[in-house]
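Reader: Please choose one part of this model and take me through it closely, explaining each term when you first need it. I would like to follow how its pieces relate to one another.

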Amino acid sequence: MHWNSPLSGQQKASGKYKVGQLDFDGIVEFAQEADQLGVDSLLMGIGAHMPDPLPMLGALVRETRRVKFLLAYRPGLLSPTLFAQVVNTVSWMSDGRISLNLVAGASPIEQAYYGDFLAHDERYARSGEFLDILHGLWRGETPLTYKGEHYRIEDAEIGLGYKGGGRPEIYISGASEVAQQTAVEYGDCWLRYGDTPEGMAAAAKPVLARGGRVGTRMHVLARETRAQALADLAAMMGDPDEEHRKRIAAAVASSDSVAVKTSFRLAETAESDWLSPMLFSGAVAYRGGPALCVVGSYEEVAAYLYAYKAAGISEFIFSGWPTREEMRIFYTRVLPLLRRLERAGQKAA
């Protein structure tokens, strides 16, 4: 059970991103509370509208003791040798509390900000080469020489290996067939945006059949009663920023990401903004694929998440509005109920 670190400053489901400033003290306090609550990992997201996660990660690992950090990064921004060197360094600074969420990129416009003009499938081809080199370095195959379409490395050596040997866990995001293939070949877990348990089960089947793990990223809103949850949801969706929604729609139209397109098409099929009685899709238009939200009482949310486990989904990255309060609610009120359902299921089996 992972949580998303609030790097974009979002506080409201239907409002604009808070950009142009960085409350790093607040991010440190958030990470320290996540550490105390027992959060498995904090996702450190990446995007042009957010501060870069790498320098913050170096500081956060020294301000926490147990929580891991799931670093989202895009192949193409750094050379694979330098990236491995950075990750290895953080592994020593944090006693191995780093894992990787490699994303190929969702927006040709944003990729161009960084001088990257590859099309969708070519970005995944580059990701495969990037990961091929990383795995070789972490296996100790040095000096490493590699000649591919996108990378050429000659006699690469890194003085500082990954702490304890081995490598970090690798999560691969995307909804396309090539994303699945990359996850199975080079990663430990395939991540995709949410759907109903039935929809996730169908999407996960090829990866699970090949021995991979499957995770999803969603929002959650849990309250003592369903009526209270629905009231809070209505308040958070109130007074929406329609200009922001239009900007998101334009970004989606220009995106070549299968994950992004799929999540918006899914939301458009919802009846009155609900894909199921528990799954609210109305915030997707303002927040994108991760904003598909499980809404209900503590007991209802726990039971619905257990249905995802039955569908083969073993990892979740959650967010909330506002995210720190929702994280506290989830880990103190919902997660104990979910663990109880898991124990009961194990006994029944």
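Author: A residue is called buried when its relative accessible area is under 20%, exposed when that area is over 50%, and partly exposed in between, as found with a 1.4 Å probe and with protein chains only. By that rule C293 is buried, because its relative accessibility is 0%, and C189 is buried as well, because its value is 1%. Before going further, please keep in mind that this is a predicted model, in which local features need pLDDT of at least 70 and side-chain atom pairs count only at pLDDT 80 or more, while totals for chains, interfaces and linings use all residues. Residues are numbered from 1 along each chain as its sequence is written, and side-chain values use heavy atoms, with hydrogens and water left out.

Since two cysteines have been named, disulfides deserve a word. A disulfide is a covalent bond between the sulfur atoms of two cysteines. The rule used here asks for a pair of cysteine sulfur atoms within 2.5 Å, and searching the whole structure gives 0 disulfides.

The part I have chosen is strand 13, which covers residues 315–319. Strands here are DSSP runs of E with at least two residues, helices are runs of H or I with at least four residues, and both are numbered from the N terminus. Of the 5 residues in strand 13, 5 are buried, so the strand is largely enclosed by the rest of the structure. In a regular strand the side chains alternate between the two faces of the sheet. In strand 13, E315, I317 and S319 point one way, whereas F316 and F318 point the other way, and all of them are buried.

What does strand 13 pair with? Two strands pair if DSSP finds at least two bridges between them. Strand 1, made of residues 2–4, runs parallel to strand 13 and is joined to it by 2 bridges. Strand 9, made of residues 213–223, is also parallel to strand 13, and here there are 5 bridges. The residue F318 helps you to place both partners, since W3 stands opposite F318, and M218 stands opposite F318 too.

Following the chain on from strand 13, you reach the loop that leads to helix 13, and in this loop lies P322. The peptide bond from W321 to P322 is cis, with omega near -20 degrees. Most residues other than glycine have a negative phi, and most peptide bonds are trans. A second cis bond joins T142 to P143, with omega near 0 degrees, and P143 sits in the loop between helix 5 (120–138) and strand 5 (144–147).

W321 also leads back to the neighbouring strand, for it is one of the residues touched by R223, and R223 belongs to strand 9. Contact means heavy atoms within 4.5 Å, and, when residues up to four places away in sequence are not counted, the residues that R223 touches include Q228, D232, Y298, W321 and E326.

One of these contacts is a salt bridge, a term that requires a side-chain nitrogen of Lys or Arg within 4 Å of a carboxyl oxygen of Asp or Glu. In the salt bridge between R223 and D232, the closest N and O atoms are 2.6 Å apart. D232 is partly exposed, because its relative accessibility is 26%, whereas R223 is buried, because its relative accessible area is 9%.

Helix 13 brings in another pair, since a salt bridge with an N to O distance of 3.3 Å links the side chains of K309 and E342. K309 lies in helix 12 (residues 298–310) and E342 in helix 13 (residues 323–348), so this pair ties together parts that are 33 residues apart in sequence. Of these two, K309 is partly exposed, because its relative accessibility is 38%, while E342 is buried, because its relative accessible area is 13%. Beyond single pairs, E29, E33, R324 and R328 are joined into one network by salt bridges that share partners. Under the same rule, the count is 19 salt bridges.
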